[in-house]
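Student: Could we take a close look at the charged side-chain contacts in this structure, and then at the cysteines?

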Amino acid sequence: MSARCQLCILISFLLITGIGLTLYKCAVLGFMFSPEGTETVWQVQGRIQFEAAGGPAKISLTMPVEEQSRRTVFQEKISDDYKCVFVEEEGIRKAVWTRKDAQNTQVIYFRGDFYHQGVQELDPPLSTENPYGIPTGPGKLAARDILLRARVTATSNLDIALRVIGLMGAESKSPSARILLKNVKYRREHMEQVAKILAMDGIQSRVVRGLLLKGSYTQRSITTFIRVYTGDRWALLDPNALAEIAFNEALLWPEGTRGLLDVYGGSDSHIDLSVTSIQKNAGNLAIDAGKLSGSALIDFSIFSLPIRDQNTFKLLLLIPLGALVVVILRNLVGIRTSGTFMPILIALTFMQTTLLLGLLLFLIVVSVGLVMRSYLSHLNLLLVPRIASVLVFVIIIFAAIGIASHKLGWESGLAITFFPMIILSWTIERMSILWEEEGPKEVLIQSGGSLFTASLAYLVMINPNVAHLAFNFPELLLVLLAIIIMIGSYSGFRLLELTRFEPMTRVKK
Amino acid sequence: MILKFTTPAKLKKAGVVGMNRRNVELIAQNNPRHLYPRVDDKLITKQITTEKGIAVPAMIGVARTQFHVRQLQNFLKEDQTFVIKPSKGSGGKGILVITGRDGDDFIKPSGNRVTPKELQHHVSNILSGLYSLGGKPDVAMIEELVEFSDVFDGFSYEGVPDIRVILYHGYPIMAMTRLSTSESDGKANLHQGAVGLGIDISTGRALKAVQHGQPVEHHPDTGRKLSELNVPYWESLLNLASCCYEVTELGYLGADIVLDKNRGPLLLELNARPGLAIQIANGMGMQPRLSLIKEQREVVRTAEERVAYSIRAFR
């Protein structure tokens with residue numbers, strides 16, 4: 001009972017850990033179950049240019065707000081002559097470039113690639129207090145006028161906000177708007193007036209600076225957005241388009257950011273930004289993003305290995321699946337194979353040669369090998385020299401097939417070299433003994449069973465979806481282990497036993 | 001060949017034990033691995049069973065080294081009949097039976113001659129592990145030839161069958177004998193076409209016979225009515241088998257026993273992983289018997305008492 005108990009605990013532990021890690025990678029790290037999923041990646045490139053004064057220069061660029069949903073997959077901030085670091089001041093992240101002596105026109109390039117995994121949820125406003133206050137003096141009446149006119153056609157907070165922005169816009173400059181915008185020079189101040197008007201109606205709003213990602217032009221500039229609390233969520237409004245946009249369609253800077261760029265030791269600075277979007281494989285993106293953010297699950301995983309070794313593991317991680325196929329076919333179905341895990345090795349070979357060619361070559365080598373081996377039986381050789389002789393036979397057969405197929409112009413015959421010759425030698429040896437002891441029928445049953453198992457294992461391992469899961473979610477190995485252990489403790493009937501013992505149920509009427 | 005399938009529920013109802021249950025419950029739980037050498041190495045089996053007074057074919061000698069091989073001819077000069085077998089062989093591999101002499105040469109049952117050189121070569125092969133599992137070095141046992149009782153005359157095509165008794169915690173629960181046919185090429189292998197004949201534990205009489213899983217009434221070669229087989233000395237045969245439990249301490253054990261004309265039942269071989277075909281030959285599943293014996297495990301009984309219990313319980 002205690003062993004049974006341990007088994008249950010072990011299996012549930014493996015299942016929970018395996019499935020839990022998998023789900024975590026899906027939900028948090030953005031891994032995809034399907035190999036085909038793609039994500040839109042925004043490539044934001046920047047170019048900072050300034051006239052250096054001739055001494056040390058320091059350029060600091062305020063970084064956008066960190067968002068949980070935004071996942072950076074690539075960043076580059078290095079310009080040859082500059083030292084670059086990220087610093088954090090009062091919760092605001094800045095990239096700082098420094099150089100001891102900067103002369104003439106200086107240019108710094110930087111780039112960030114990222115994608116959004118879902119949309120960021122913002123916390124509702126803490127209090128009803130408005131950071132911008134409400135209009136005072138003559139502006140109070142003008143603001144009330146605009147609000148009244150906005151309310152005529154709009155019902156929801158969102159509509160009111162959009163109408164107010166429209167009424168405060170350049171084209172429809174009403175007297176009220178003119179009063180409110182009298183001393184306004186910048187877009188930001190303009191939007192703050194909008195925020196003040198909305199505050200009179202009790203609508204919470206925030207003016208934020210940001211970069212619109214969506215759009216057909218590559219060249220972009222930082223613009224001002226206003227986000228409005230509709231009563232149950234924040235909505236991001238683009239004043240230029242007079243429309244709501246999704247939060248993941250813009251890159252936003254922290255509230256209250258005035259200038260993004262500060263240049264010490266230089267003048268005439270300006271920044272050019274460009275945005276391009278590309279579609280990329282979601283799985284690769286999740287791995288890149290995880291590496292960049294230093295997620296332990298990625299950092300201590302196969303993905304941290306060099307690409308070439310990763311490819312080795314791509315194959316290695318499929319082998320347990322082959323083992324599962326063998327376990328199922330042997331212990332649940334009851335198929336007899338020659339050599340327990342020989343079918344897996346054959347299946348791996350099939351992956352190199354393709355199925356039909358692999359089957360054909362296997363049959364040729366084994367049958368020729370069996371004929372040659374039958375001669376050795378008469379010589380009464382000792383075991384190891386006998387298998388060594390079979391090995392020599394196998395290599396001769398390999399060479400013969402390779403040369404013959406090349407001469408006949410059938411190049412795929414050269415794939416013969418992918419077969420594991422030691423395993424083939426043992427297979428031939430075992431089948432030969434089986435032939436002598438149990439007869440050809442048993443040889444056919446076992447080699448048929450082996451090839452069937454190998455083919456099935458091959459079909460499982462070659463499946464792109466399976467390969468994707470095995471490589472991207474190695475923790476599924478724990479689930480696989482749990483299944484294998486479960487089958488290992490299965491004491492019920494095998495499928496083929498249902499026919500083997502069938503006469504017993506028939507007779508007993 | 002059309003495969004006919006039954007349902008797991010029906011098999012369960014028939015009390016059939018499947019391969020997985022045998023491996024997980026019968027073997028893994030009752031047969032500790034460290035006890036395996038007691039049955040896998042026939043020399044150890046012979047030593048421990050002889051110590052306990054269990055009747056076995058008498059030992060003539062053991063060839064352990066190539067030096068012994070060279071002495072063989074001298075060593076065997078008094079013996080007219082004997083059997084040479086590898087100690088760790090399985091499935092009857094490497095067994096050489098000698099039934100007579102002609103000068104220096106030895107005569108096989110088929111009448112073929114074996115020269116002393118060939119005999120030495122055979123023993124040399126045994127020592128180098130030609131017949132042992134995994135090619136491990138082995139020793140060659142030389143035993144007296146059993147003088148088979150004639151009760152099996154006509155029931156077997158070639159050779160003399162042994163009787164397999166399955167013991168569960170020392171209680172005989174099922175028995176069968178495998179009769180070779182011309183189809184099985186004289187081999188007692190059921191899936192090669194030998195006839196499996198179930199034997200009633202309580203009486204020693206033939207129960208029913210199957211070949212290729214199908215019931216048969218007469219031996220396909222000799223035509224002998226199979227139900228006529230009645231194994232003599234049945235109770236002492238079972239006692240002999242049952243004693244092996246104390247010797248091996250294996251909870252699930254197969255004992256292969258032959259009947260000697262003069263000495264009666266002799267233990268030939270033990271098996272720690274006996275197969276399940278015996279259920280087909282008996283026409284019944286072994287689970288009900290296993291369950292019944294399981295309840296008896298607390299009761300301390302001698303081998304004779306266990307046999308008496310089985311004879312009563314499985315009537």
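Tutor: Happily; here is a walk through the salt bridges, followed by the cysteines. This is a predicted model, in which local features need pLDDT of at least 70, side-chain atom pairs count only at pLDDT 80 or more, and totals for chains, interfaces and linings use all residues. Residues are numbered from 1 along each chain as its sequence is written, chains are lettered from A and ligands numbered from 1 in the order in which they are written, and side-chain values use heavy atoms, with hydrogens and water left out.

A salt bridge here is a side-chain nitrogen of Lys or Arg within 4 Å of a carboxyl oxygen of Asp or Glu. Over all chains, that rule gives 18 salt bridges.

Let's begin in chain B with B:Asp256 and B:Arg164, whose side chains form a salt bridge at 2.6 Å, N to O. B:Asp256 sits in strand S13 (residues 252-260) of chain B and B:Arg164 in strand S8 (residues 163-168) of chain B, so this pair ties together parts 92 residues apart in sequence. Helices (H or I, at least four residues) and strands (E, at least two) are DSSP runs, numbered from the N terminus. Both B:Asp256 and B:Arg164 are buried; buried means under 20% relative accessible area, exposed over 50%, and partly exposed in between, with a 1.4 Å probe and protein chains only.

Next come B:Glu246 and B:Arg306, which meet in a salt bridge at 2.8 Å, N to O. This pair links distant parts of the chain, with B:Glu246 in helix H7 (residues 234-248) of chain B and B:Arg306 in helix H10 (residues 303-313) of chain B, 60 residues apart. B:Glu246 is partly exposed at 41% relative accessible area, whereas B:Arg306 is buried at 3%.

B:Asp105 and B:Arg113 also form a salt bridge, at 3.0 Å, N to O. Here B:Asp105 is buried, at 18% relative accessibility, while B:Arg113 is partly exposed at 46%.

Over in chain A, salt bridges join A:Arg373, A:Arg386 and A:Glu429 in a network.

Now for the cysteines. A disulfide is a covalent bond between the sulfur atoms of two cysteines. The rule used here asks for a pair of cysteine sulfur atoms within 2.5 Å, and the count over all chains is 0 disulfides. For A:Cys8, the closest cysteine sulfur is that of A:Cys5, 6.4 Å away and too far for a bond; A:Cys8 is partly exposed, at 47% relative accessible area. The sulfur of B:Cys243 is likewise too far for a bond, 6.8 Å from its closest cysteine sulfur, in B:Cys244, and B:Cys243 is partly exposed at 25% relative accessibility.
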